[in-house]
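Thanks for making time. I have one structure to show today, and I will keep to what was computed from it.

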Amino acid sequence: MKIKFLYIITSTLLFLFSCGYKIVDNKINFKINEIVATGDKKISYNLKNKLSLISSQEEDELVKINIITNKTKSIKERNVKNQITKHNVQIISKVELINLSNMKSEEFTFTKDGDFNVGSRHSDTLNNEKKLIDLLTIDISEQIIEALANYSNDS
């Protein structure tokens, strides 16, 4: 009985670990030579800082990254008194990756949006908007890093 149980466990583990899937490597295989960020100043600055940290210094392949960021803020909800109760913020980042060794270009577009509530004071509303923009910026930077890793692993 113990031998059958051990055999079943061993064969199940062997089947699961040899299924053919390969772990995705999120390593960037190029050196970022220059990052040009335009558009919304705060979001562009944060994206530029996040991307400058991931550059691989020991690689020979150089790339240039252009980021154009737009932020739009719109009214999402109003109450019975026609007062604004909720806003929507949408961030669109267009990223152009230019490989300086072969001058090939790749373009990516990332969009994130979210809602924030209007506070009882104006400062509360501004804090809610700032927190939401920070969260959306982090999400977009993670998407950009993942896209760059996929690009570097494909080429």
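I will go through the overall layout and then the salt bridges.

A caution to begin with: this is a predicted model. The protein chain has three helices and four strands. Going along the sequence, the order is α-β-α-β-β-β-α.

Next, burial and surface. The protein chain has 155 residues, and 27% of them count as buried. The exposed area of the chain is about 10,800 Å², with carbon and sulfur atoms supplying 55% of it. On contacts, take those in the protein chain with a separation of 6 or more: residues 24 or more positions apart account for 65% of them.

Now the salt bridges. How many does a search of the whole structure find? The search finds six. I will talk about some of these.

Let me start with Asp134 and Lys42. These two form a salt bridge, and their closest N and O atoms are 3.6 Å apart. Asp134 sits in helix α3, residues 122-154, and Lys42 sits in helix α2, residues 41-54, so this pair ties together parts that are 92 residues apart in sequence. As for accessibility, Asp134 is partly exposed, at a relative accessible area of 29%. Lys42 also counts as partly exposed, with 39% relative accessibility.

The next pair is Glu129 and Lys71. Their side chains meet in a salt bridge at 3.9 Å, N to O. Where do the two residues lie? Glu129 is in helix α3 and Lys71 is in strand β2, residues 62-78, so the pair ties together parts that are 58 residues apart in sequence. Is Glu129 buried or exposed? Glu129 counts as buried, with a relative accessibility of 10%. Its partner Lys71 counts as partly exposed, at 33%. There is a third residue to mention here: Lys73 is linked with Lys71 and Glu129 in a network of salt bridges.

The last pair for today is Arg121 and Asp124. Here the side chains meet in a salt bridge at 3.4 Å, N to O. Arg121 counts as exposed, with 54% relative accessibility, whereas Asp124 is partly exposed, with a relative accessible area of 22%.

To recap, helix α3 supplies Asp134 for the pairing with Lys42 of helix α2, and helix α3 also supplies Glu129 for the pairing with Lys71 of strand β2. Please keep in mind that the model behind these values is predicted. That is what I have for today.

Terms used: Residues are numbered from 1 along each chain as its sequence is written. This is a predicted model: local features need pLDDT of at least 70, side-chain atom pairs count only at pLDDT 80 or more; totals for chains, interfaces and linings use all residues. Side-chain values use heavy atoms; hydrogens and water are left out. Buried means under 20% relative accessible area, exposed over 50%, partly exposed in between (1.4 Å probe, protein chains only). Contact means heavy atoms within 4.5 Å. Accessible areas come from the Shrake-Rupley method with a 1.4 Å probe; for residues, only the protein chains shown count as cover. A salt bridge is a side-chain nitrogen of Lys or Arg within 4 Å of a carboxyl oxygen of Asp or Glu.
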